[in-house]
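Student: I would like to go through some labels and check each one against its definition.
Tutor: Go ahead; here is the model.

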Amino acid sequence: MPKHLNDAASVSGSSTSTDNSSSRKRKRPSSKKTNGGGSKRLDAADDDDATPAKKPFSDKHHLVANGHRRNSTSKAARDPLDEARAVAVRQPAPPVVDHDGLSRAAKGTRTRLQETPEQAAARMEKMRGAVRTLLECVGEDPDREGLLDTPSRYAKAMLFFTKGYQVNVDDLVNNALFNEGHNEMIVVKDIEVHSLCEHHLVPFNGKMHIGYIPRNTVIGLSKLPRIAEMYARRLQVQERLTKEVANAVMDILKPQGVAVVMESSHLCMVMRGVEQTSTSTITSCVLGCFERKSKTRNEFLSLVGINR
C-alpha cells in the first residue's frame, strides 16, 4: 500500500478508536457491590432514586415570629416589629389650650393660680424653709450675713422662673390676629429664651426661631416671643419646649405650617458632668407644609441660618 494511504488509514483508525473509547466512557454504568460480594449495575437515574429528595419546608417555617405568613420566601427576613410599627396609629394629642385658657398646666397650676393671699404666704414660708434646709445640708450657715435673705430671694426667684404655668393664652394673644390675606412665610428669629432644666434645676439659655405660613390670618409679631417665654418659664427640657411652642402656634393660628428651631447651651453640661463649655444643642419641630415639603423646610432653615 502506498505510504500516504497507509498514513491516512492510521489516522482514521486512531480517530475511530478514540471516539469509541470516549463513547464507552460516557456509557459506562456505575457499579456498586452488594452484600454478597457481587456487583450490581446502577444507572444514573438509579443513583438519583437512591438519594431521597429533600422535602420542601412545611408551612410552619414560613411563619414569622408574630404569626403572620410571609408573602415570599425569596424576600429578606424582617424584624417582626416592623409590621406593628407600620400599622401603629398615632394617639390624638391632648388639647394645647384648655377650656380655661391654660396651656399644658402642671399638677398644682390651678391651685397656685386660685390661692388666697394667706395660702400664698404659707407657700412662700414653706419654700423659704426648704431653701434653708438645703443651705444647712451643704454645710453652710444660713444665719450668716450673706445668706440671711437667700431663702426668701430664692423662693421669689423660683416663682418667677416658673410663672409660665399660670399664663392664660387668650390674655397673652389678646385678639392680636389679623386677616391680611398673606400666604407667604413669616419668620421671627433670634428670640432669646431662658429656661430651667427640670433634671438639675439649672438654666439653659439660647435662641429660638419661629416661622409659619399663614392662611390669610397673621399674628402680632410680639406674640411669638411671648408664646416662647410662656413655655420657657417652666421646668423644661429643650426638646419638649421646642415642640410645645410649635404646637401652640399651630393651634392658635391654624396656619398652613409651623417650624421652630432652638439652639441653646445647657449649664448642666457646662458647670457639671462633662463640663463642655463650647457645645450647643439644636432641636427642631416642623408641622404642616414644613413637614411635607422639603423645599419649604429648607427655605426656613436657610433664612434662620441653619443651612450654612
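Tutor: Start with Asp 143, which is partly exposed at a relative accessible area of 46%. The model is predicted, so local features need pLDDT of at least 70 and side-chain atom pairs count only at pLDDT 80 or more, while totals for chains, interfaces and linings use all residues. Residues are numbered from 1 along each chain as its sequence is written, and side-chain values use heavy atoms, with hydrogens and water left out.

Student: Why is Asp 143 called partly exposed?
Tutor: Buried means under 20% relative accessible area and exposed over 50%, with partly exposed in between (1.4 Å probe, protein chains only). Asp 143 has 46%, so the label is partly exposed.

Student: What makes the contact of Arg 132 with Asp 143 a salt bridge?
Tutor: The term requires a side-chain nitrogen of Lys or Arg within 4 Å of a carboxyl oxygen of Asp or Glu. The closest N and O atoms of Arg 132 and Asp 143 are 3.0 Å apart, so the pair qualifies. This pair links distant parts of the chain, eleven residues apart: Arg 132 is in helix α5, and Asp 143 is in the loop between α5 and α6 (150-161). Helices are DSSP runs (H or I, at least four residues), numbered from the N terminus.

Student: How do you know that Arg 132 and Glu 136 meet in a salt bridge?
Tutor: Their N to O distance is 3.7 Å, therefore the 4 Å criterion is met. Both lie in helix α5, four residues apart, about one turn of the helix.

Terms used
Helices (H or I, at least four residues) and strands (E, at least two) are DSSP runs, numbered from the N terminus.
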